[in-house]
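The following exercises concern the architecture of a single protein chain. Each task is followed by a worked solution that proceeds step by step.

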Amino acid sequence: MNQEGIIVNSGLKRYSVRSNLNMNITDKLRLGLRINANQTDNNLVQSEGSWGREGIVITALMYHPNLPAYNKDGSIASI
């Protein structure tokens, strides 16, 4: 599973493998083995900072809507 997050450069990748092995030793004896392996890779971004003021989500919410998001040269504007 590969899922992109709603914030740029965030997301989740999950890998999973499962195997079932069964063997009948006799009519009354059966041997079974089940193996399951998982790995999860999280690509997180800082969504909250100290005192709740430095994260990207709160910064976006507090950004004044009348200020441009980009400079005239195309770079990201800063406050």
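The protein chain has one helix and three strands, where helices (H or I, at least four residues) and strands (E, at least two) are DSSP runs numbered from the N terminus. The model is predicted, so that local features require pLDDT of at least 70 and side-chain atom pairs count only at pLDDT 80 or more, while totals for chains, interfaces and linings use all residues. Residues are numbered from 1 along each chain as its sequence is written, and side-chain values use heavy atoms, with hydrogens and water left out.

**Exercise 1. Chain overview**

Task: Determine the order of the elements from the N terminus on, and the share of residues that count as buried.

Solution. Step 1: read from the N terminus, the elements follow the order β-β-β-α. Step 2: of the 79 residues in the chain, 9% count as buried (under 20% relative accessible area; exposed is over 50%, and partly exposed lies in between, with a 1.4 Å probe and protein chains only). Step 3: among contacts (heavy atoms within 4.5 Å) with a separation of 6 or more, 27% come from residues 24 or more positions apart.

**Exercise 2. The sheet**

Task: Establish the strand order of the open sheet and state which strands stand at its edges.

Solution. Step 1: three strands form the open sheet in the order β1-β2-β3, with antiparallel pairing; two strands pair if DSSP finds at least two bridges between them. Step 2: β1 and β3 (30-43) are the edge strands; each has a single partner strand, so one side of each is left without a neighbour in the sheet. Step 3: on average, neighbouring strands of this sheet are turned by 10 degrees against each other, direction ignored (axes are lines fitted to C-alpha atoms, for helices over the stretch in contact, and angles run from 0 to 180 degrees between N-to-C directions).

**Exercise 3. The hairpin of β1 and β2**

Task: Describe the pairing of β1 with β2 and locate serine 10.

Solution. Step 1: the antiparallel pairing of β1 and β2 extends over three bridges. Step 2: asparagine 2 has lysine 13 in β2 as its bridge partner, and glutamate 4 has glycine 11 of β2. Step 3: the two strands form a hairpin with six residues between them, and asparagine 9 in the turn has a positive phi of about 65 degrees. Step 4: serine 10 is placed in the loop between β1 (2-4) and β2 (11-24). Why does serine 10 count as buried? Its relative accessible area is 17%. Leaving out residues up to four places away in sequence, serine 10 touches Glu4, Gly5, Asn43 and Val45.

**Exercise 4. The hairpin of β2 and β3**

Task: Describe the pairing of β2 with β3, and classify leucine 33 by accessibility.

Solution. Step 1: β2 and β3 pair in the antiparallel sense over 14 bridges and form a hairpin with five residues between them. Step 2: methionine 23 stands opposite leucine 31 in β3, while the bridge partner of asparagine 22 is glycine 32 in β3. Step 3: leucine 33 lies in strand β3 and counts as partly exposed because its relative accessibility is 44%. Step 4: apart from neighbours within four places in sequence, leucine 33 is in contact with Ser19, Asn20, Leu21 and Asn22. Step 5: the number of buried residues among the 14 of β3 is zero, so this strand lies largely in the open.

**Exercise 5. The segment after the helix**

Task: Is serine 78 buried or exposed, and how far is its C-alpha atom from that of tyrosine 63?

Solution. Step 1: serine 78 belongs to the segment after α1 (56-62). Step 2: its relative accessible area is 67%, so serine 78 is exposed. Step 3: the C-alpha atoms of serine 78 and tyrosine 63, which are 15 residues apart along the chain, are separated by 9.9 Å.
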